[in-house]
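Reader: Please pick one part of this structure and take a close look at it. Explain in order what it touches and how it is joined to the rest, in plain terms.

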Amino acid sequence: QVQLVESGGGLVQAGGSLRLSCAASGSIRRINAMGWYRQAPGKQRELVASITSGATTNYADSVRGRFTISGDNAKNTVYLQMNSLKPEDTAVFYCNANIQSQTLFTRSYWGQGTRVTVSS
C-alpha cells in the first residue's frame, strides 16, 4: 500500500503565497515522478506542475513563473510553492505520484486533495 498525504492548503488573499506539501509513504521501491493537479468548480482536473526523479520539471502555462515545484527524494516529498496567487487559482489541489512498489508494480496514486481559496 502507498499513501499520499497533502498539507498546506487554505485561504489567502490575491497576491499572497501558499506552500503545499505531499508526502508519499508505504511500500515504495521507486518514485518516478510526482506532481500537482487542480480542479476548480465546474472544471476538469488539470496538471499544474510535475517533477521527475531526475528533477525535470513541467508547468502549466497559467502558473509558470508564479509556482515552483520541488522535491526531497530522501523524504519522498514534493512541494509546490505558489506565489502571486490569483482568484482563478482557487481549486482543490491533488498530489499525484507514479510509484513502483516493493512488488515491482508501477501505478499512479492520488492524494485526498487540499483546498486552496484565493480571495480578491
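Author: Start with Trp 110, which counts as partly exposed at 39% relative accessibility. (Buried means under 20% relative accessible area, exposed over 50%, and partly exposed in between, with a 1.4 Å probe and protein chains only.) The model is a predicted one, in which local features need pLDDT of at least 70 and side-chain atom pairs count only at pLDDT 80 or more, while totals for chains, interfaces and linings use all residues. Residues are numbered from 1 along each chain as its sequence is written, and side-chain values use heavy atoms, with hydrogens and water left out.

Trp 110 has an aromatic partner, Tyr 37. The structure holds one aromatic pair (ring centres within 6.5 Å, taking the six-membered ring of Trp; planes under 30 degrees apart are stacked, over 60 edge-to-face, the rest tilted). The centres of the Tyr 37 and Trp 110 rings are 5.0 Å apart and the planes stand at 65 degrees, so the pair is edge-to-face. Tyr 37 belongs to strand β4 (residues 28–39) and Trp 110 to strand β10 (residues 106–110), so the pair ties together parts that are 73 residues apart in sequence. (Strands are DSSP runs of E, at least two residues, numbered from the N terminus.) Tyr 37 is also partly exposed, with a relative accessible area of 23%.

What links β4 and β10 to the rest of this region? Strand β9 pairs with β4 and also with β10. (Two strands pair if DSSP finds at least two bridges between them.) β9 covers residues 91–101 and is mostly covered, since 10 of its 11 residues are buried.

Take the partners of β9 in turn. With β4, β9 runs antiparallel, and 10 bridges join the two. Within this pairing, Arg 38 of β4 has Phe 93 of β9 as its bridge partner. With β10, β9 pairs in the antiparallel sense over five bridges. There, Gln 100 of β9 is bridged to Thr 106 of β10. β9 and β10 form a hairpin with four residues between them. Leu 104, in the turn of that hairpin, has a positive phi of about 75 degrees. A further partner of β9 is strand β11 (residues 114–119), which runs antiparallel to β9 and is joined to it by three bridges. Ala 91 of β9 stands opposite Val 116 in β11.

Elsewhere in the chain, four strands form an open sheet in the order β1-β3-β8-β7, with antiparallel pairing. β1 (2–7) and β7 (67–72) stand at the edges with a single partner strand each, so one side of each has no neighbour in the sheet.

Follow this sheet from one edge to the other. β1 pairs with strand β3 (residues 18–26) over six bridges, in the antiparallel sense. Val 5 of β1 has Ala 23 of β3 as its bridge partner. Next, β3 pairs with β8 in the antiparallel sense, again over six bridges. In that step, Leu 20 of β3 is bridged to Leu 80 of β8. Last, β7 pairs in the antiparallel sense with β8 (residues 77–82), over six bridges. Ile 69 of β7 stands opposite Leu 80 in β8.

To return to the start: Trp 110 lies in β10, and β10 is paired with β9. The ring of Trp 110 also meets the ring of Tyr 37 edge-to-face.
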